[in-house]
Amino acid sequence: MNNAPVKKVPIHLQSSQNRLLIKNGRVVNDDGMEDADVYIEDGIIKQVGRNLIIPGGTRTIDATGKLVMPGGIDPHTHFELEMMGAKAADDFYKGTRAAVAGGTTTVLDFVLPQKGQSLLEAYNNWRQKADGKVCCDYGLHVGVTWWSPSVKKEMEKLVSEDYGVNSFMMFMAYKDAWMLNDYDLYCAMETCTELRALPQVHAENGHIIARNTEKLLEAGVTGPEGHQLSRNEEVEAEAVNRACVIANQANAPLYIVHMMSKSAVQALDNARARQKPPVYGETLAATVGTDGTHYRNACFRHAAAHVLSPPLRPDPSTPQAMCEALADDRLQLIGSDNCTFTEKDKEIGKDNFSKIPNGVNGVEDRMAILWQKAVNTGIMDPCRFVAVTSSTAAKIFNLWPQKGRIAVNSDADVVVWDPRLERTITAAAHRHAVDFNIFEGQHVVGSPQYVIVNGRVCLDDGDLRVAEGFGRFLKTPANSPYIFGAEPATPRSAASPQRETPTRATNGNATPTHHELTLVNKQLEAMSVSASGCSTPTGRKMRELGQRDLQSSTFSLSKEVEGLDTKTSVRVRNPPGGKSSGLW
């Protein structure tokens, strides 16, 4: 049984900002958008709608021209991870601080036991590292890095209510470290099926990588470029296919982490066409935000800073293809795989690329990078953005609708997103514990202005004020209805019609009408969908060019630019019996 002490939240945090009203914004959920105010009390969303009755002493945030979205859920982080002779620079405080700064209010980290180590022991070690440091809520996946009957018994304990773990990570790479052979992988997946837990897989062919590495080093290829050469797209795609075959044999659902290539996505598509248990694909902020050409940079520091596994791909069309796969529901989530290492640690592999610690940043810039690459370009609409950055993770890992939803009784993890906020990403300005950022110099339009974590304003109009230890551990119950049964009923944030499965094409047109539109104008055009009107992947017909959208909302992000009066028209009705001079 887990005997971790119950963490007490300091009194000054319990009473801090316990009443909050976000008004005049547009609420965006994965199934629709609506003009609504959001009232928060004691860390919970209490009301969503218009003309709310609000008690005195409530702080008000004016979200005019802004989007009000569920806080991001990053399904893939590695804080304080020890690997390849180094330790990740971002600990649970600095990592979650960076997450909150970027709009992420929940992270799911990985417990990775060493070969032969007890899973329960490793789980308790991670809880001890994290509980007193996290600035936002967190949950845990647990790695199955070796196999025996005792591991199976520990998996059974971990899915119990005492521990609250519903996902187990297996590696098909990192030979002689975390990698499982196919037989053990099959056994682990069968156990997940029995426990109604979700198996996750790092899909690369570890044996091919090991042999390719030997050959490259023998040929004198020692720099970071050898990392990508040793594990090309084919090596990833083969493992994706094999993982899907094994999962199908075990009658298990499957979640493939950090998919990095078009070939891997195609292998996943092929698997979905032939097997019944659901298969989910995750990609990374790094994948959509940059590419593998950096591995050939003459500066070792620069090239090594981009090393992660699977590697970034040199094909320049990969980032857009991955954005399109997210929009089309061929991929379902975007994580960060945040695992930062200092320059000194990366230099461990100065003369041998296979010894460069694997990992990059991403937890802070994940949401802004995707917004820039997918929403600003018209590939994805805001509802689908919410789905892939928050809601789908909440559903898969059985946190829905506590997380991933702006609705009554959901946790008050909220982002007020300013689609016009411009900034340039730099290592000098980020909150990570390293002095390198793989997105250095990229200009993004759209970022959080306010971030609320459990009802507490932690990013306050750009001012980051987090509290170490404020976050909570989240138990993720097994037998997620989203995976193993009917999807749970969606709590309506207000009266709005049912929506089809979300996907791409945001603004009623497959491509922008005028190429000279600025990014901001593209965003404004993207916002002109109906109150529940996000686009869908099921082939719903787009509006023809020039055709009026009869369901278009009157909400506008461009009133300030247009110089319009911001007051809305109001029809005043007399109460029954006529006018009265009193209050009624």
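At 53% relative accessibility, Asn251 counts as exposed in this predicted model. Its place is the loop between helix H8 and strand S13 (254-256), and Asn251 comes just after H8. Phi of Asn251 is near 55°, a positive value in a residue that is not glycine. Most residues other than glycine have a negative phi, and most peptide bonds are trans.

Helix H8 itself covers residues 233-249. Its 17 residues, at 1.5 Å a residue, should span 24 Å, and the end C-alpha atoms lie 25 Å apart, which agrees. Many positions of the helix are listed as buried: Glu233, Val235, Glu236, Ala237, Ala239, Val240, Arg242, Ala243, Cys244, Ile246 and Ala247. An α-helix has 3.6 residues a turn, so residues three or four places apart point the same way.

**Backbone exceptions**

Met84 also has a positive phi, near 55°, and is not a glycine. Met84 sits in the loop between strand S7 (82-83) and strand S8 (86-87). With a relative accessible area of 28%, Met84 is partly exposed.

Cis peptide bonds occur at two prolines described here. The bond from Ser309 to Pro310 is cis, with omega near -10°; Pro310 belongs to the loop between helix H11 (300-305) and helix H12 (318-327). Trp400 and Pro401 are likewise joined by a cis peptide bond, with omega about -5°. Pro401 is in the loop between helix H15 (382-396) and strand S16 (414-424).

**Glu364 and Arg431**

The model holds 32 salt bridges. Three of them are tabulated here by closest N to O distance.

| Salt bridge | N to O distance |
|---|---|
| Glu364 and Arg431 | 3.3 Å |
| Lys403 and Asp411 | 2.9 Å |
| Arg472 and Asp411 | 3.1 Å |

Glu364 forms its salt bridge with Arg431. Glu364 lies in the loop between H13 and H14, and Arg431 in the loop between S16 and strand S17 (443-453), so the pair ties together parts that are 67 residues apart in sequence. Helix H13 spans 343-346 and helix H14 spans 366-375. Glu364 is buried, at 5% relative accessibility, whereas Arg431 is partly exposed, at 24%.

The side chain of Glu364 also reaches the backbone nitrogen of Arg431, at 2.8 Å. Leaving aside residues up to four places away in sequence, Glu364 touches Ala98, Ala101, Gly102, His430, Arg431 and His432.

**The Asp411 network**

Asp411 meets the side chain of Lys403 in one salt bridge and that of Arg472 in another. Arg472 lies in the loop between strand S19 (463-464) and helix H16 (481-484), and Asp411 in the loop between H15 and S16, so this pair ties together parts that are 61 residues apart in sequence. Salt bridges with shared partners join Asp137, Lys403, Asp411, Asp413 and Arg472 into one network.

Which members of this network count as buried, and which as partly exposed? Lys403 counts as buried because its relative accessibility is 2%, and Asp411 is buried at 6%. Arg472, with a relative accessible area of 34%, is partly exposed.

Terms used. Residues numbered from 1 in each chain as written. Predicted model: local features only at pLDDT ≥ 70, side-chain atom pairs only at ≥ 80, totals over all residues. Heavy atoms only, no water. Helix = DSSP H or I, 4+ residues; strand = E, 2+ residues; numbered from the N terminus. Expected span 1.5 Å × (residues − 1). Buried < 20%, exposed > 50% of the residue type's maximum accessible area, 1.4 Å probe, protein only. Polar contact = N/O pair within 3.5 Å; in protein donor to acceptor, adjacent residues only side chain to side chain. Contact = heavy atoms within 4.5 Å. Salt bridge = Lys/Arg side-chain N within 4 Å of Asp/Glu carboxyl O.
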